[in-house]
Amino acid sequence: MDRMVFDIAHLLAGGLVLVSFMMIYQERLGALIRVFALHAVVLSLSVSWQAWTQDAPHLYVTAAIALVFKAVVIPGALLRIIRRMGIHREVETVVGSGLTMLAGMGLVAMSIVLMLRLTETVDAFAREDLAFALSVVLLGLLMMVTRRNAVSQVVGFMSMENGLILAATGAKGMPLVVEISVAFSVLIAFIVIGVFLFRIRERFDTIDLGALEEYRGENQ
């Protein structure tokens, strides 16, 4: 039974890393946002499993928040934003998707080696989740670095936050008050970012960061 519990937790945390790679591979904004919704669903399943194995009912609240806000509310709002802005197009990248995937594999390997060495005294259950969580965080950061579109960078930022949630739940959870405050902070940040994107669109008629940098250079 203990082996099955470990394997399922390992499968769900590893699935989160796999979906992170799927996000990096996406070339269209709509598909990227839908894969992010899947990312949130896998996170919710992983947190729910941790809640059951740790006998920590408050983690079910974390799973519910991830499912409602990150799998339904935020992706739906982002899809509405890109429709209103008329930006149904490919995601522009700094480097090719092949090089980005190779860099992502390197980051995952580094995360696993680093975490397994730093957490030798921690139980295996938490070690695996922390290694996968660091991988998710670094893959989210990689997405932010290699994407030129502001919406895709927002998705990368939120996927990093998903990795932090996985780390917190794998390390025997966090206080419920902290979870709720973090969830509302992310929601408020998302609302501010949405307004910010609309203002950029109205002012410059684009949300491509490369075009904005060119505009800034012309004014200097």
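Where does D55 lie? D55 sits in the loop between α2 and α3, and there is plenty to look at on either side of that loop. This is a predicted model, in which local features need pLDDT of at least 70 and side-chain atom pairs count only at pLDDT 80 or more, while totals for chains, interfaces and linings use all residues. Residues are numbered from 1 along each chain as its sequence is written, and side-chain values use heavy atoms, with hydrogens and water left out.

**Overall build**

- The protein has eight helices and zero strands; both kinds of element are DSSP runs numbered from the N terminus, with helices being H or I of at least four residues and strands being E of at least two.
- Read from the N terminus, the order of elements is α-α-α-α-α-α-α-α.
- Of the 220 residues in the protein, 46% are buried; here buried means under 20% relative accessible area, exposed means over 50%, and partly exposed is in between (1.4 Å probe, protein chains only).
- About 11,100 Å² of the protein is exposed, and carbon and sulfur atoms supply 67% of that area; accessible areas come from the Shrake-Rupley method with a 1.4 Å probe, and for residues only the protein chains shown count as cover.
- Among contacts in the protein with a separation of 6 or more, 75% are between residues 24 or more positions apart; a contact means heavy atoms within 4.5 Å.

**Helix α2 against helix α6**

- The axes of helix α2 (residues 29–54) and α6 come within 10 Å and cross at roughly 10°; these axes are lines fitted to C-alpha atoms, for helices over the stretch in contact, with angles running from 0 to 180 degrees between N-to-C directions.
- That crossing angle makes α2 roughly parallel to α6; angles under 35 degrees count as roughly parallel, over 145 as roughly antiparallel, 65 to 115 as roughly perpendicular and the rest as oblique.
- On the α2 side, the residues that meet α6 include L29, F36, H39, L43 and Q54, and on the α6 side they include V151, M158, S159, I165 and G170.
- By class, the contact of α2 with α6 has 12 nonpolar, nine polar and no charged residues; Ala, Val, Leu, Ile, Met, Phe, Trp, Tyr, Cys and Pro count as nonpolar, Asp, Glu, Lys and Arg as charged, and the others, Gly among them, as polar.

**The salt bridge**

- The structure holds one salt bridge, defined as a side-chain nitrogen of Lys or Arg within 4 Å of a carboxyl oxygen of Asp or Glu.
- Its partners are the side chains of K70 and E161, at 1.8 Å from N to O.
- The pair links distant parts of the chain, with K70 in helix α3 (residues 58–85) and E161 in helix α6 (residues 150–170), 91 residues apart.
- K70 and E161 are both buried.

**Residues in helix α3**

- T62 is in helix α3 and counts as buried because its relative accessible area is 8%.
- T62 and T169 are 107 residues apart along the chain, and their C-alpha atoms are separated by 9.0 Å.
- L67, also placed in helix α3, counts as partly exposed at 38% relative accessibility.
- The C-alpha atoms of L67 and V41 are 5.8 Å apart in space, with their positions 26 residues apart in sequence.
- Setting aside neighbours within four places in sequence, L67 is in contact with V41, S44 and V72.

**Residues in helices α4 and α5**

- V136 lies in helix α5 (residues 124–146) and counts as buried because its relative accessibility is 0%.
- Not counting residues up to four places away in sequence, V136 touches L16, V17, S20, H39, S159 and G163.
- V136 and V19 are 117 residues apart along the chain, with their C-alpha atoms separated by 9.2 Å.
- L116 is in helix α4 (residues 97–118) and is partly exposed, at 27% relative accessibility.
- From C-alpha to C-alpha, L116 and E128 are 7.8 Å apart, and they are 12 residues apart in sequence.

**Back to the loop**

- D55 is exposed, with a relative accessible area of 66%.
- The phi of D55 is near 55°, a positive value in a residue other than glycine.
- Most residues other than glycine have a negative phi.
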